[in-house]
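Let's take a walk through this one together, going from a pair of strands out to the sheet around them, then on to a pocket and a couple of loops. Keep the viewer open as you read.

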Amino acid sequence: MNEAVDHGRRRILSGLAVATAFSILSPFARSAGVDYPFTLGVASGDPLPDGFVIWTRLAPLFNAADGRGGLRQAVPVRWRVASDAAMTRIVRQGEVTATERFAHSVHVEVVGLEAGRPYWYQFEGLGAQSPVGQACTTPPVQAMVSARLGFVSCSHWERGYFSAYRHLAAEQPDLVFFLGDYIYDSSYALDSGKIIRPHGSGNAVSLRDYRNRYALYKTDLDLQALHAAAPSVATWDDHEVQNDYANRWSQDPKIPVAQFLKQRAAAYQAFYEHMPLRASSLPKGLDMRIYRRLDYGRLARFHVLDGRQYRSEQPCIAANGSHQGHIADNTCTDLRDPRRTLLGWEQEAWLDRGFAESPAQWNVIAQDLLVAPLTQRDLTNHKPGRWTDGWDGYMANRERMLASIQRRQVKNPVFWGGDIHSFWTTDLHADANDVDSPVVATEFVGSSVTSDGPPFDAFSQLLPLNPHVKFFDSRQRGYVSVDVDEQKMLTNFRVITDPRDPLATVSTLKSFVVEPGRAGAVAV
């Protein structure tokens with residue numbers, strides 16, 4: 001990386017808080033009593049060789065009771081993209097209208113840029129200028145390059161500060177993946193002893209609720225710094241809507257399907273409004289397409305999955321009708337039913353085609369869950385069983401996916417995941433029940449940004465039952481940083497000292513290398 005680019009990135013990280021607090025308001029805006037509208041920062045995402053999406057949302061009163069951010073009227077917003085951090089060499093610019101329909105969010109799909117280089121961008125509206133963000137186009141289609149990547153998941157506002165985001169931003173990644181639970185729909189009880197910083201409201205169920213929950217999270221300066229430092233690619237897990245939901249079914253059997261779908265549609269719309277997504281992800285009725293592919297030259301193809309929207313109904317439903325995840329006895333036939341799918345049949349076929357057509361050296365499957373099978377024990381009767389809310393509840397789909405990797409002879413498949421609030425490195429075998437069968441793919445799962453991890457001692461006692469698990473630790477919060485080139489993928493599990501400390505420091509817990517042509521990770 002040349003010195004000018006490095007200086008530009010440092011400029012963003014060091015200047016973001018100042019820009020947010022003291023950004024320029026015109027005399028007209030001040031006299032009109034307009035508060036600073038860019039309270040939620042800026043972001044870029046889903047880059048291509050010739051462009052990317054740039055995003056912001058105007059919300060001078062980010063927590064307005066009606067969820068509208070303090071605005072009612074349509075607002076013209078000017079945007080510009082420059083080839084330098086000082087924003088003096090403008091290469092693209094334009095104007096769009098931010099409207100009430102999508103909460104005055106702005107999604108600009110910038111095109112016509114050079115491949116494989118950084119750009120800087122900024123918005124102007126209501127007489128104010130936004131912070132400056134940096135984005136990068138992906139390399140030319142045939143280029144074999146190196147990249148620094150990061151992935152994160154499970155950031156619960158109430159459980160601490162987002163220091164992990166700040167430290168990942170400081171690593172100057174080329175691309176960041178958000179793998180689910182970007183927000184938490186649920187809130188802790190005030191007397192729970194769990195709240196480090198309160199949501200200030202209860203569980204999110206309406207469009208207004210979800211908008212304000214996203215807006216609150218977006219005011220975090222560490223999150224703003226990460227979005228301003230690098231383009232992102234986002235998918236969801238369950239807490240963007242509701243814990244353990246599956247397709248059209250709430251975890252609560254008392255909530256009718258029609259009512260839950262209305263809630264889900266509100267949550268999906270708020271997700272679109274607050275993420276740098278393309279028009280291809282615009283909500284359509286009750287649905288929203290977010291699974292997609294992204295190529296990074298010939299280095300990597302990222303297969304980004306949606307593990308929630310298209311699922312079959314949760315397996316092994318409890319006697320009380322609850323759809324909540326639990327450990328089901330191995331004898332439950334739902335777990336292995338070939339008629340059931342986690343991804344949905346259309347997404348399964350799409351993934352198979354993506355495997356078949358991939359020209360990449362590395363194939364990264366970026367999704368929300370632990371993929372590896374995990375034999376657990378029910379805490380009440382100690383019988384062995386499987387967790388129903390993840391891939392173990394949809395074993396046939398997992399078998400079909402791994403068989404597709406083998407059949408298509410996919411080069412160097414690596415799965416990324418989140419959800420389980422802990423670090424994992426696993427081997428994914430052709431036969432999940434036979435550790436002597438070939439290792440088909442490598443898996444890395446990242447810990448949470450703040451959410452509490454599962455009990456370390458209890459899970460450690462399960463490891464002898466799961467010899468394909470090469471590493472596990474649930475005691476620390478953090479993120480995953482990945483350096484990849486043609487010859488190796490180096491994965492670093494990065495941990496912060498304390499999520500309760502806004503000035504937490506960072507260190508490396510463990511590092512692994514994957515080499516081309518050899519599935520499975522080696523500790524270094």
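Start with strand E18 (residues 413–417) and strand E20 (residues 439–445), which pair in the parallel sense over four bridges. If you want one spot to zoom in on, pick valine 414: its bridge partner in E20 is threonine 442. Bear in mind as you look around that this is a predicted model.

Now zoom out. E18 and E20 belong to an open sheet of seven strands, with the order E12-E13-E15-E18-E20-E19-E21 and mixed pairing. So what happens at the edges of the sheet? Strand E12 (292–296) and strand E21 (469–473) sit there, and each has a single partner strand, so one side of each has no neighbour in the sheet. Going from one strand to the next, the twist averages 20°.

Next, add the helices. Helix H7 (residues 345–357) packs on the sheet and touches E12, strand E13 (300–304) and strand E15 (362–366). Compare directions and you'll find H7 at about 175° to E13. Then there's helix H8 (residues 395–407), lying across E18, strand E19 (423–429) and E20. H8 runs at about 150° to E18, so to speak of our starting pair again, both E18 and E20 have H8 lying across them.

On to the empty space. The largest pocket has a volume of about 1100 Å³. Its lining takes in 41 residues, and those closest to the pocket centre are Gln376, Trp387, Ile420, Pro454 and Phe459. Which elements each supply at least two residues of that lining? Strand E16 (376–377) and helix H9 (456–460) do. As for chemistry, the lining of the largest pocket is a mix: 17 nonpolar residues, 15 polar and nine charged.

Finally, have a look at two loops where the backbone does something worth a second glance. In the loop between strand E6 (118–125) and strand E7 (128–129) you'll find leucine 126. Its phi is near 50°, a positive value in a residue other than glycine. The other loop runs between strand E9 (147–152) and helix H3 (163–170), and cysteine 154 is found there. Phi is positive for cysteine 154 too, near 60°, and again the residue is not glycine. Is cysteine 154 buried or exposed? With a relative accessibility of 1%, cysteine 154 counts as buried, because the cut-off for buried is under 20%.

Note on methods. Residues are numbered from 1 along each chain as its sequence is written. This is a predicted model: local features need pLDDT of at least 70, side-chain atom pairs count only at pLDDT 80 or more; totals for chains, interfaces and linings use all residues. Side-chain values use heavy atoms; hydrogens and water are left out. On a 1 Å grid over the protein atoms alone, a cavity is a set of points where a 1.4 Å probe fits but cannot get out, and a pocket is an open set with protein on both sides within 12 Å along at least five of seven lines; lining residues have an atom within 4 Å of a point. Grid points are joined across faces, edges and corners, and a volume is the space filled by probe spheres set on the points. Ala, Val, Leu, Ile, Met, Phe, Trp, Tyr, Cys and Pro count as nonpolar, Asp, Glu, Lys and Arg as charged, and the others, Gly among them, as polar. Two strands pair if DSSP finds at least two bridges between them. Axes are lines fitted to C-alpha atoms, for helices over the stretch in contact, and angles run from 0 to 180 degrees between N-to-C directions. Contact means heavy atoms within 4.5 Å. Buried means under 20% relative accessible area, exposed over 50%, partly exposed in between (1.4 Å probe, protein chains only).
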